[in-house]
Amino acid sequence: MQELETVIALSRTQFAATALYHYLFVPLTLGLSVLLATMETIYVISGREIYRRMTQFWAKLFAINFALGVATGLTMEFEFGTNWSTYSHFVGDIFGAPLAIEGLMAFFLESTFVGLMLFGWDKLSRGKHLLVTYMVALGSNLSALWILVANAYMQHPVGSEFNPETMRMELDSFTALLFSSDAQAKFVHTSIAGFLTASIFVIGISAYYMLRNRHRAIAIRSFRVAALFGVFASIGVICLGDALGFVSGEGQPNKLVAMEGLWETAEAPAGFNVVAWPDQQAMENRFELQIPYVLTPLVTHSFDGSIAGADDLVRQAEVRIRDGIPALRALETLSDNPKDPDALRQFRTHGDNLGYALLLKRYAPDVSQATPEQINRAARDTIPPVAPVFWSFRIMVAAAFGMLAFLILATIYSLRGQIADKRWFLKIAPWMIPVPFIANEAGWVVAELGRQPWTVYGQLPTWVSASTHSVGYMIFSLTGFVAIYTLFIVVEMYLMVKFIKQGPDDTPRHGSSPALATPGHTSQWSEA
């Protein structure tokens with residue numbers, strides 16, 4: 001059992017590392033693709049050559065990020081089969097469908113048009129090239145949609161039913177899978193977070209150029225487009241983050257407990273823990289600083305709703321574990337005789353709580369002989385690791401509001417034509433570039449660590465989902481992945497820095513007006 005626990009821990013660590021590395025690239029791809037479409041639209045409408053060069057420059061950085069994002073993402077799908085074979089068998093019929101659609105419809109669409117976007121400037125008309133860029137943006141975001149539909153099933157399994165004869169979940173409503181509240185909220189929140197990431201990225205690099213008085217015409221215009229784009233994205237990501245939190249709180253109250261450090265059920269009006277020191281073992285906060293009356297309207301969108309705490313959720317889990325024990329025993333009978341009528345009847349009666357009985361099997365190999373202490377231990381496992389989820393959530397929220405304030409100032413200074421004179425602000429801007437990436441990673445930790453102890457919430461515990469590899473194999477695999485992905489990050493940073501230092505092409509094409517390419521000493525309004 002100890003070796004199994006180690007293999008599971010290593011498998012989780014490897015997938016977490018793979019996903020966190022990959023997710024460094026994804027939001028920038030989502031956001032930059034839409035920003036490129038915006039910039040090129042301005043070029044096509046205005047006919048001003050500088051917007052063409054502006055789009056071409058940011059497209060180079062997009063291409064670098066896109067290529068490395070693809071390289072880090074492809075291995076994740078194979079990892080489901082190699083390291084999580086029980087999970088793949090259990091939900092392959094459901095999970096595989098959106099992944100296949102993502103590959104066939106979105107990824108192929110995106111990859112095909114990326115080449116045309118990068119190399120088709122002199123081969124396609126303005127309108128056709130703009131259409132290509134729109135298709136890249138569409139493909140990027142459709143790719144995110146299908147991935148998040150698959151992920152949302154892990155968070156909130158809908159549109160499926162467990163077949164005790166095949167021992168698999170089977171899809172019975174693709175519409176329910178696609179339009180689940182979790183999938184839609186996740187997609188919009190994640191896409192807009194990508195728009196915000198790209199806006200801060202473009203603003204930071206544009207500020208770098210303005211500080212050094214290089215490429216000012218492109219830098220000022222890029223800054224303004226990104227600031228306007230970003231301020232709306234930051235408002236959207238906060239509002240839709242609240243919507244996603246409401247959806248998650250309804251479907252995953254245990255995750256909400258971890259996000260808020262809520263150990264006891266809170267009656268209205270509940271206070272919001274700004275900071276706290278959660279103690280998982282004692283199921284209490286050693287220290288907490290609250291804002292009164294705030295949590296209830298935030299979580300319930302009302303002023304009189306109660307919020308379930310860890311104490312009540314553990315008691316509910318104990319009830320579900322006890323109810324799931326007959327289902328697990330029936331399933332063991334059905335594994336030998338799939339047509340046994342008594343076992344089928346018993347499974348249909350108690351099958352909704354099968355996953356909870358599987359939690360108990362970790363501590364009691366014969367669940368029919370489980371002690372109250374073992375049941376309580378399994379029930380306490382339903383509360384995710386509170387401290388990392390609690391603090392990751394606060395890092396994400398603080399970053400979001402910090403970026404909103406930054407982007408409001410950026411927009412005001414840019415629209416007033418004052419940005420080139422605000423050197424203190426320009427000096428801050430490049431240091432803001434890591435902030436959305438940190439927020440994105442923190443959000444991923446909240447979503448995925450907050451789902452524990454499940455791979456499929458309420459259905460399949462993580463501890464039974466992994467493949468049966470040796471510890472040595474997992475250590476070797478984990479070390480190799482971390483080394484290769486770290487190399488990818490180094491390559492990304494090297495190429496990004498190289499092309500940022502090189503900067504955009506300031507040479508106007510034949511026939512274009514030099515005044516549109518060189519800012520000279522005119523006012524910023526004349527450079528718009």
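These are my notebook entries on a predicted model, taken one region at a time.

**Entry 1: the hairpin**

I began with strand β1 (residues 160-163) and strand β2 (residues 168-171), which run antiparallel and are joined by four bridges. Looking across the pair, I found Phe162 standing opposite Met169 in β2. The two strands form a hairpin with four residues between them, and in the turn I noted Met167, which has a positive phi of about 60°.

**Entry 2: salt bridges**

I then turned to charged side chains, where the count comes to 13 salt bridges. I looked up three of them in detail, beginning with the one in which the side chains of Arg362 and Glu5 meet at 2.8 Å, N to O. Arg362 lies in the loop between α13 (354-361) and α14 (372-380), while Glu5 belongs to helix α1 (residues 2-22), so this pair ties together parts that are 357 residues apart in sequence. How exposed is Arg362? Arg362 has a relative accessible area of 28% and is partly exposed, and Glu5, at 22%, is partly exposed as well.

My next pair was Asp93 and Arg168, whose side chains meet in a salt bridge of 2.5 Å, N to O. Asp93 sits in helix α4 (residues 85-119) and Arg168 in strand β2, so the pair ties together parts that are 75 residues apart in sequence. I recorded Asp93 as partly exposed, because its relative accessibility is 36% and partly exposed residues are those between 20% and 50%.

The third pair lies within one helix: Arg345 and Asp342 are both in helix α12 (residues 341-350), three residues apart, which is about one turn of the helix. Their side chains meet in a salt bridge of 2.9 Å, N to O. I also noted that salt bridges sharing partners join Glu5, Arg362 and Asp381 into one network.

**Entry 3: helices α16 and α17**

Here I asked at what angle the axes of helix α16 and helix α17 cross. The axes of α16 (residues 423-432) and α17 (residues 434-449) cross at roughly 35° and come within 6 Å of each other. On the α16 side the contact is made by Pro430, Trp431 and Met432, and on the α17 side by Pro434, Val435 and Pro436. Sorted by class, this contact has six nonpolar residues, with no polar and no charged ones.

I followed α17 from end to end and found that its 16 residues reach 22 Å from the first C-alpha to the last, close to the 22 Å expected at 1.5 Å a residue. Several residues of α17 are buried, among them Pro436, Phe437, Asn440, Glu441 and Glu448.

**Entry 4: two buried residues**

I looked up Leu262, whose place is in the loop between α9 (253-260) and β3 (272-279). Is Leu262 buried or exposed? Its relative accessible area is 10%, and Leu262 is buried. Leaving aside neighbours within four places in sequence, Leu262 is in contact with Val257, Leu295, Ile307, Ala308, Gly309 and Ala310. I also checked Leu262 against Pro278, which is 16 residues away in sequence and 9.1 Å away in space, C-alpha to C-alpha.

My last residue was Thr133, which lies in helix α5 (residues 126-155). Thr133 counts as buried because its relative accessibility is 0%, and buried means under 20%. Which residues is Thr133 in contact with, leaving aside its neighbours within four places in sequence? The contacts of Thr133 are Leu36, Ala37, Glu40 and Met117.

Terms used
Residues numbered from 1 in each chain as written. Predicted model: local features only at pLDDT ≥ 70, side-chain atom pairs only at ≥ 80, totals over all residues. Heavy atoms only, no water. Pairing = 2+ DSSP bridges. Salt bridge = Lys/Arg side-chain N within 4 Å of Asp/Glu carboxyl O. Buried < 20%, exposed > 50% of the residue type's maximum accessible area, 1.4 Å probe, protein only. Axes fitted to C-alpha atoms, helices over the stretch in contact; angles between N-to-C directions. Contact = heavy atoms within 4.5 Å. Nonpolar A, V, L, I, M, F, W, Y, C, P; charged D, E, K, R; others polar. Expected span 1.5 Å × (residues − 1).
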